[in-house]
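These are my notes from a session with one model. I looked up contacts, rings, the ligand and the backbone, in that order.

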Amino acid sequence: MGTIHKILVIGAGAMGSQIAMVAAAAGYRTAVQDVSTDMLVQAQGQLTARMQAKVAKGSLSRAEADTALGRLEFTSSLPDAAADADFVIEAATERLDIKRSIFAALDAAAPAHAILATNSSTLGSSAVASSTGRPEKVCNMHFFNPALVMKCVEVVRHPQTSQETVDTALELARSLGKSPVLINREIPGFVANRLMGALRDEALRLYADGVADFRDIDTAAKTALNHPMGPFELMDLVGLDVSYLIRQATYDQTGDPADLPHPLLKDLYDQGSFGRKTGQGWYSYDAR
Ligand code: CAA
């Protein structure tokens with residue numbers, strides 16, 4: 001792997017901020033860039049609180065937490081942050097037009113050797129690689145929520161991704177303490193979301209058909225299958241907006257009506273009940 005000194009994460013939302021924290025905790029100088037200073041302030045506050053909680057729990061020393069937080073830079077300037085980045089992970093809004101303009105800006109600002117990865121769960125990286133002059137250095141590097149905890153990272157190659165880029169992304173993921181999975185071609189949902197989607201579809205069907213209450217379906221997943229969360233709790237954690245948009249994007253790619261978001265999911269999405277982040281999803285959450 002070419003030496004990676006600095007990692008840049010684009011987007012200070014739940015995924016971007018935690019991916020950046022993982023990188024900083026693994027010893028990399030890391031910048032998080034977002035166009036919204038409010039998002040940057042919020043991310044900094046949340047990450048500091050997470051690190052403090054780990055110190056209080058004894059899973060991290062105060063010095064380790066302070067050092068990791070000290071390696072993190074929060075900035076709204078993409079060109080400045082990209083100028084000396086060796087590896088970029090884009091975790092911005094799941095909108096192709098926004099991602100394409102980010103990749104064009106990264107291509108202009110980042111050093112020629114830098115790899116540009118997207119955390120997108122819905123868009124294969126070929127959709128953004130074509131807005132750069134370095135498609136061979138572009139791939140997906142898909143983390144899971146919460147990124148500080150979940151070990152899986154899907155590295156997805158597109159037809160022009162070079163073997164060197166794939167190897168570097170896999171090695172970077174390992175150096176972050178993750179377990180990378182290589183996906184050889186772009187396919188909607190990659191692997192993990194397809195598995196999760198199959199379970200979620202069945203759970204929604206059982207609930208919609210009145211077979212069982214959603215709380216009981218969650219209980220069955222946890223107590224019969226040993227899943228850490230039931231499918232409805234997981235939708236609330238991931239965000240019903242994200243779950244809905246992933247499904248809609250899959251439908252947009254396949255045109256198969258079976259891939260449309262379930263009507264119950266659409267209802268919650270239309271109501272703005274996105275799960276934990278809005279305080280209301282399948283379950284209600286106390287306001288923080
Ligand atoms: N963010 C960051 N860290 C979190 C967290 C969060 N939202 N929630 C919990 N944690 C951390 C805690 O700080 C704790 O860390 P330490 O041990 O270092 O102190 C650790 O996780 C365990 O936390 P808890 O004991 O409080 O709770 P738990 O044991 O019930 O674990 C969980 C919580 C990790 C979220 C667990 O319930 C779980 O694994 N759930 C399933 C998550 C999952 O399936 N994610 C994949 C979603 S799909 C996706 O992300 C793909 C996509 O494209 C949308």
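Which residues does isoleucine 19 touch, not counting residues up to four places away in sequence? I listed Val9, Ile89, Ala91, Asn119, Phe143 and Ala147. I note here that the model is predicted.

**Entry: nonpolar cores**

I looked for the largest nonpolar core and found that it has 39 residues. Ile19 is among those with the most contacts inside this core, along with Ile7, Met21, Phe87, Met141, Phe143 and Leu172. I then asked which element gives the largest share of the core. Helix H1, residues 14–25, does, with seven residues. Another core lies apart from it and has 18 residues, including Leu8, Val128, Ala129 and Val138.

**Entry: two loop residues**

I went to alanine 92, which sits in the loop between strand E4 (87–90) and helix H5 (96–109). Its contacts, leaving aside neighbours within four places in sequence, are Ile10, Lys99 and Ile102. I also checked alanine 92 against asparagine 119: the two are 27 residues apart in sequence, and their C-alpha atoms are 8.3 Å apart in space.

Histidine 158 is in the loop between strand E7 (152–156) and helix H7 (163–175). Is histidine 158 buried or exposed? Its relative accessibility is 4%, under the 20% limit, so I wrote it down as buried. The side chain of histidine 158 reaches the backbone oxygen of proline 135 at 3.0 Å. Proline 135 is also one of the residues in contact with histidine 158 once neighbours within four places in sequence are left aside. The others I listed for histidine 158 are Ser125, Ser126, Ala129, Val138 and Glu186. I recognised Ala129 and Val138 from the core of 18 residues.

**Entry: aromatic pairs**

I counted the aromatic pairs and got nine. Why is the pair of tyrosine 207 and tryptophan 282 edge-to-face? Their ring centres are 5.8 Å apart and their planes stand at 85°, which is over 60 degrees, so the pair gets that label. The pair links distant parts of the chain, 75 residues apart: tyrosine 207 is in helix H8 (residues 192–208), and tryptophan 282 is in the segment after helix H12 (263–271). I checked accessibility for both. Tyrosine 207 is partly exposed at 26%, whereas tryptophan 282 is buried at 10%.

Next I took tyrosine 269 and phenylalanine 274, whose rings form a stacked pair, 5.6 Å centre to centre with 25° between the planes. Tyrosine 269 has a relative accessible area of 24% and is partly exposed. Phenylalanine 274, at 21%, counts as partly exposed too.

I also noted a cluster: ring pairs link Tyr207, Phe214, Phe232, Trp282 and Tyr283.

**Entry: ligand**

Which residues around the ligand come nearest? Of the 20 residues around it, they are Gln18, Lys54, Lys57, His142 and Asn145.

I wrote down three distances. An N or O atom in the side chain of lysine 57 is 2.9 Å from an oxygen atom of the ligand. A polar side-chain atom of arginine 50 is 3.3 Å from a ligand nitrogen. With asparagine 145, a backbone N or O atom lies 2.8 Å from a nitrogen atom of the ligand. On its own the ligand has 1000 Å² of accessible area, and the protein covers 69% of that. The elements giving two or more residues to the shell are helix H2 (37–57), H8 and helix H10 (231–238).

**Entry: backbone**

I kept one general point in mind: most residues other than glycine have a negative phi, and most peptide bonds are trans.

Asparagine 145 came up again, since a cis peptide bond joins it to proline 146, with omega about 0°. Proline 146 is in the loop between strand E6 (138–143) and E7.

Phenylalanine 190 has a positive phi, near 50°. I placed phenylalanine 190 in the loop between strand E8 (179–183) and H8, and it is buried at 2% relative accessibility.

Asparagine 226 also has a positive phi, near 65°. Asparagine 226 belongs to the loop between helix H9 (214–224) and H10. Is asparagine 226 buried or exposed? At 67% relative accessibility, I entered asparagine 226 as exposed.

Notes: Residues numbered from 1 in each chain as written. Predicted model: local features only at pLDDT ≥ 70, side-chain atom pairs only at ≥ 80, totals over all residues. Heavy atoms only, no water. Phe/Tyr/Trp six-rings, centres within 6.5 Å; stacked < 30°, edge-to-face > 60°. Helix = DSSP H or I, 4+ residues; strand = E, 2+ residues; numbered from the N terminus. Buried < 20%, exposed > 50% of the residue type's maximum accessible area, 1.4 Å probe, protein only. Core = buried A, V, L, I, M, F, W, Y, C linked by side-chain atoms within 4.5 Å. Contact = heavy atoms within 4.5 Å. Near = heavy atom within 4 Å. Polar contact = N/O pair within 3.5 Å; in protein donor to acceptor, adjacent residues only side chain to side chain. Areas by Shrake-Rupley, 256 points an atom, 1.4 Å probe, with all protein chains shown as cover.
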